[in-house]
Amino acid sequence: MCGRYSLTNTNAIKKMYNLDLTPRYNIAPSQEVLTFTDKHIMRKWSYSPLWAKSPMNLINARSETLDQKPSFRQAKRCIIIADGWYEWKSNESSKIPYYHHLNGEIFHFAGLYNTEGCLIVTRKSSHNLSFVHYRMPVLLENNEINDWLNGANIFSSNLSNSIQAYPVSKYVNNTKNDDYRCFKKI
């Protein structure tokens, strides 16, 4: 599962996409997020099928059942641009947040969208990250982006094996906190 992420490397975003953005350290569901299809668009991170009578507010979709769920039959594909994400490791007494990253490099989540919003596609965690949580976002290497957007089911990228994770403070638990202290290693 992926419930929070970051997009702080604004120099890379400027160089790669010619966009000027404010660094975001704690992007949460229902906020506007940077997505890409054939162009860059800010979309609400909250998805509901167009036929739903009331909002479903989905933020993730399992890759294993993507083609089976009616909620996603009319969804279109996008990528969501990030440079890290947070996941909480449960232990006996509490949950400890971990920051997952690629040393500040930009990477892309596989996503779905419609006119109502978007979500992140998830998969079983790679071996190197399963100690934190059993799910993770589907990551796409640069050369896999067009294939994903054109309908290829790319649910396992070598990029997943390069991701590193470390514990951070519970400061990130508050969605109002959106500064470098969110991913400061403890």
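For 186 residues, a compact globule would have a radius of gyration near 16 Å. The protein chain has 16 Å, so the value agrees with the globule rule. This is a predicted model, and every value here is computed from it. Along the principal axes, the C-alpha atoms fill a box of roughly 45 × 40 × 35 Å. The fold holds two helices and 13 strands. Buried residues account for 49% of the 186 residues. The contacts reach far along the sequence. Of those between residues at least 6 apart, 63% join residues at least 24 apart. The chain exposes about 9,600 Å². Carbon and sulfur atoms supply 48% of that area.

Turn now to the aromatic rings. The structure holds 12 aromatic pairs. One of them joins Tyr5 and Phe109, with ring centres 5.5 Å apart. Their planes meet at 85°, which is over the 60 degrees required, so the pair is edge-to-face. Tyr5 belongs to strand β1, residues 4-7. Phe109 belongs to strand β9, residues 107-114. The pair therefore links distant parts of the chain, as the two residues are 104 residues apart. Both Tyr5 and Phe109 are buried.

Strand β9 contributes to another pair through Phe107. The partner is Trp85, in strand β7, residues 84-90. Here the ring centres lie 6.0 Å apart. The planes stand at 85°, so this pair is edge-to-face as well. Trp85 and Phe107 are 22 residues apart, and their pair also links distant parts of the chain. Both residues are buried. How do these rings fit together, and which residues form the cluster? Tyr5, Trp45, Trp85, Phe107 and Phe109 form one aromatic cluster. Trp45 thus appears in the cluster beside the members of the two pairs described above.

Rings also meet charges. The charged end of Arg43 sits over the ring of Tyr113, 3.7 Å from the ring centre. Arg77 lies over the face of Trp148. The distance from Arg77 to that ring centre is 3.8 Å.

Next come some polar residues, starting with Asn60. Asn60 lies in strand β5. Is Asn60 buried or exposed? Its relative accessibility is 16%, so Asn60 counts as buried. The side chain of Asn60 has backbone partners. A polar atom of this side chain lies 3.2 Å from the backbone nitrogen of Cys2. The backbone oxygen of Ile120 lies 3.5 Å from a polar atom of the Asn60 side chain. 

Ser63 follows in the loop between β5 and β6, the latter spanning 76-82. Ser63 is buried, because its relative accessible area is 8%, under the 20% limit. Leaving aside residues up to four places away in sequence, Ser63 touches Val121, Thr122, Arg123, Arg135, Val138 and Phe155.

Arg135 leads on to Ser125, since Ser125 touches Arg135 too. Ser125 lies in the loop between β10 (117-124) and β11 (135-137). With a relative accessible area of 8%, Ser125 is buried. Ser125 and Arg135 are 10 residues apart in sequence. In space, their C-alpha atoms are 4.6 Å apart. Beyond residues up to four places away, the contacts of Ser125 are Ser130, His133, Tyr134, Arg135 and Met136. What lies 2.7 Å from a polar atom of the Ser125 side chain? The backbone oxygen of His133 does.

Two asparagines in loops deserve a look at their backbone. Asn57 has a phi near 50°, a positive value in a residue other than glycine. Asn57 lies in the loop between β4 (40-44) and β5 (60-62). Its relative accessibility is 46%, so Asn57 counts as partly exposed. Asn103 also has a positive phi, about 55°, although Asn103 is not a glycine. The loop of Asn103 runs between β8 (95-101) and β9. Asn103 is exposed, with a relative accessible area of 56%.

Strand β9 ties several of these threads together. The loop holding Asn103 comes just before it, between β8 and β9. Phe107 lies in β9 and pairs with Trp85. Phe109, in β9 too, pairs with Tyr5 of β1.

Note on methods. Residues numbered from 1 in each chain as written. Predicted model: local features only at pLDDT ≥ 70, side-chain atom pairs only at ≥ 80, totals over all residues. Heavy atoms only, no water. Phe/Tyr/Trp six-rings, centres within 6.5 Å; stacked < 30°, edge-to-face > 60°. Helix = DSSP H or I, 4+ residues; strand = E, 2+ residues; numbered from the N terminus. Buried < 20%, exposed > 50% of the residue type's maximum accessible area, 1.4 Å probe, protein only. Lys NZ or Arg CZ within 6 Å of the ring centre and 35° of its normal. Contact = heavy atoms within 4.5 Å. Polar contact = N/O pair within 3.5 Å; in protein donor to acceptor, adjacent residues only side chain to side chain. Rg over C-alpha atoms; globule rule 2.2 N^0.38 Å. Areas by Shrake-Rupley, 256 points an atom, 1.4 Å probe, with all protein chains shown as cover.
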